[in-house]
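Visitor: Please take one part of this model and describe it closely, with the criteria behind each term.

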Amino acid sequence: MLRTTPSGNSPVFSPNERAYVKGSTTRRCGCRNPETGQKFGSACPKLGQRGHGRWAVRQELPADAEGNRRQFRRQGFDTGPKAQAVLDHVRALLAIPDADDEEGRRATGDLLERISAEGSELPDLEETTRRFRAGADITRRSTVGEWLDEWIAGKKGSAATLKNYEIDIRKHLKPRIGHVRLDRLRVKHLSEMFQAIADRNEEIVANNLLRRQAVAELEEIPWKGADARSRRKALKARIAAMPPFERVVNPTTRQRIRATLRGALNAAIAQQIITFNPAAHVEMDPAKRPKPVLWTAAHVDRWRATGERPSPVMVWTPEQTGQFLDFVAEDRLYALWHLIAFRGLRRGEACGIRKGDLDMDARTLSVAKQLIVDGWTVVESDPKSDSGIRTIALDAESVSVCRSHLARQSKERLKWGGAWEDTGRLFAKEDGSWLHPGWVSERFEKLVVDSGLPPIRLHDLRHGAATLMLAGGADMKVVQDTLGHATIVLTADTYTSVLPEVARAAAENAARLVPRGRTTPPGHTTGTPAPNNKEAPQSKVIDFGAYPQFSGGTSSF
């Protein structure tokens, strides 16, 4: 390792470094001999003056694989100490491999030859030493984009997970930080990236609003009449020139993007390519999961008066769900709304169901595929997790609804004839082609508005299915399996106590389990005597033998 004498003036070389003392620093200028017109170079009489000329570095490098001689050169230093510091740094890098390590010496020479040709910064000595000792390729200098491509190509996992990684990389990471050198990626780059995503969200919201306004205007223009046709044509051309609908990158998606990058950088650390993971240290807004809130009468009244929604996630009461299903009973996709409302399918799962996934004899529905949106392009993938691949039990009414839907679809197939596209989907467009999940959401929102009910999202209809199952007495594990949640904790945290009836019934059931010798009048505190010292009638005594979980001394709560 390179050292200096106690005075700090002359370098002291290790045995390895002595092999590379064939180098120098020189001082030259551009002055010319007035008699010959040739440059003085290092012989200029003014070089003794302070600040005259510039210093240069030259260092012999190990021969390349073909035995060709090569050098490290750099010039333009304004002082000799600066030039000497660079020369010492180069020699220290050359001294990292042992003297008899021909392959290591050649790799170090390759690194310095490239740096000399590019004029780029010399690498950190300690980090280069560590990477060399760990067996890493010190000549490698990947960009973030190149490493992400290599990482995703060798990544193992479910098709849906890999698809999410690919989308994060293609849509967000590579366009914004793909050009940055992997070993120079810093927290600052990621903070700027996520701020740019937030800024882009504002543009998306504005563009979507303009497009929705234009589409609404188009729907108001009559179909008949030359003037109306001309206006429709002009408006359609304007809509076609607008940016397409996009989804904003919400906090949950931003956290997922960071998780994808963090995983890729952790893999680079494991391979000794980098030593620091900035994705683990960038500060971001937390992605809080909002809990469903019921559209109670008070919430509905306030919404009608102010337009205010109490929560981003709202759930209809059973009565409101029934009103909606009655309203859409003649809609050609009624069966889809019905299954989401009662069985809690995700939007992509409902669009991806194949006819063969429905077994009306066994009264089951298998969830094995989903249709997801990549930008605005629809692609097929597996469910988002292993728990998403499941078989759902169907009630008799749901089977009847599906049977009626298939009959309607058969009539549509006959009507379209040879133009029918046989995609095998249970729910499809009238010509048999895939439903666009984004269109399904827009269709649902329009039906909700037309119904006059308080607004919910299509995904909130799935939340409503969970609360209906709990209100119907379903076990939490059954609800988890039906919804395809990975853990029961997610199910419990999200859906407990949404319906007041469920909470009240639970409270009453708990109170009835405790045997009392007295009863209390309404509003009186439990456990105290009744007013006016009147004897209260005997309450019914519960036989705890009927509740083995409470007998035997130790409870099993």
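Guide: Helix H2 (residues 80-94) lies across E3, E4 and E5 and runs at about 15 degrees to E4. This is a predicted model, in which local features need pLDDT of at least 70 and side-chain atom pairs count only at pLDDT 80 or more, while totals for chains, interfaces and linings use all residues. Residues are numbered from 1 along each chain as its sequence is written, and side-chain values use heavy atoms, with hydrogens and water left out.

Helices (H or I, at least four residues) and strands (E, at least two) are DSSP runs numbered from the N terminus. Contact means heavy atoms within 4.5 Å. Angles run from 0 to 180 degrees between N-to-C directions, and axes are lines fitted to C-alpha atoms, for helices over the stretch in contact.

Beneath this description lies the sheet itself. Its three strands follow the order E3-E4-E5 in an open sheet with antiparallel pairing; two strands pair if DSSP finds at least two bridges between them. Strand E3 (23-28) and strand E5 (70-77) are the edge strands, each pairing on one side only. From one strand to the next, the twist averages 20 degrees.

The pairing of E4 with E5 can be followed in detail. Strand E4 (residues 54-61) is joined to E5 by seven bridges, and the two run antiparallel. Within this pairing, Leu-61 stands opposite Arg-70 of E5.

A further helix belongs to the picture. Helix H3 (residues 102-118) lies across E4 and E5, at about 35 degrees to E5. E4 and E5 are thus crossed by H2 and also by H3.
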